[in-house]
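Please examine the sequence and the model shown here. The report concerns pockets.

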Amino acid sequence: MSRPPHPLLLVLAVISALEGLVLLGYAGFDIVEGLRVGVQGPSEVSNVPGLLLQIVIFLVLGAAGIAIAVGWWRGRRGARAPFVVAQLLALVVGVPLLQSGGSQSSIGLVIVVVAGVGIVLAM
């Protein structure tokens with residue numbers, strides 16, 4: 001019987017798993033919306049290949065988040081580098097959302113706070 005992971009690693013695993021699940025959920029949302037309402041928006045950015053690429057990217061990033069969570073859960077310190085990179089990517093998305101105002105700024109705040117906490121805990 002293996003012992004439970006260190007509480008810090010458990011928190012990092014939870015953060016990574018939640019981020020992965022959100023990304024997988026968003027890929028699912030894109031699939032449903034693509035089938036339900038089709039591809040909408042400016043033709044330069046809204047087309048079937050673009051939507052498919054976006055879905056694949058979110059599926060891969062979500063699966064990577066889950067894999068990193070498993071690494072943290074198993075006590076693998078090698079999960080640190082990909083986890084920190086994922087948090088930096090989250091900051092790249094979260095900071096502009098935070099500065100955008102409106103309802104998107106609250107989403108940006110959540111992303112920035114979670115990514116910041118994740119980076120601090122990982123170090």
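The sections below describe two pockets and their linings.

## Basis of the model

This is a predicted model, in which local features need pLDDT of at least 70 and side-chain atom pairs count only at pLDDT 80 or more, while totals for chains, interfaces and linings use all residues. Residues are numbered from 1 along each chain as its sequence is written, and side-chain values use heavy atoms, with hydrogens and water left out.

## The largest pocket

The largest pocket (an open set of points on a 1 Å grid over the protein atoms alone, where a 1.4 Å probe fits, with protein on both sides within 12 Å along at least five of seven lines) holds about 850 Å³ of space. Its volume is the space filled by probe spheres set on the points, which are joined across faces, edges and corners.

Its lining (residues with an atom within 4 Å of a point) has 27 residues, with E19, V22, L23, A90 and I111 nearest the centre. Two or more lining residues come from each of α1 (7-37), α2 (48-73), α3 (80-100) and α4 (103-122); these helices are DSSP runs (H or I, at least four residues), numbered from the N terminus. The greatest contribution, nine residues, is from α3.

By type, this lining has 22 nonpolar residues, four polar and one charged. Ala, Val, Leu, Ile, Met, Phe, Trp, Tyr, Cys and Pro count as nonpolar, Asp, Glu, Lys and Arg as charged, and the others, Gly among them, as polar.

## The second largest pocket

The second largest pocket has a volume of about 290 Å³. It is lined by 15 residues, and D30, G38, Q40, L51 and Q54 are the closest to its centre.

Both α1 and α2 supply at least two residues of this lining, and α1 has the largest share, with six. The lining divides into six nonpolar, seven polar and two charged residues.
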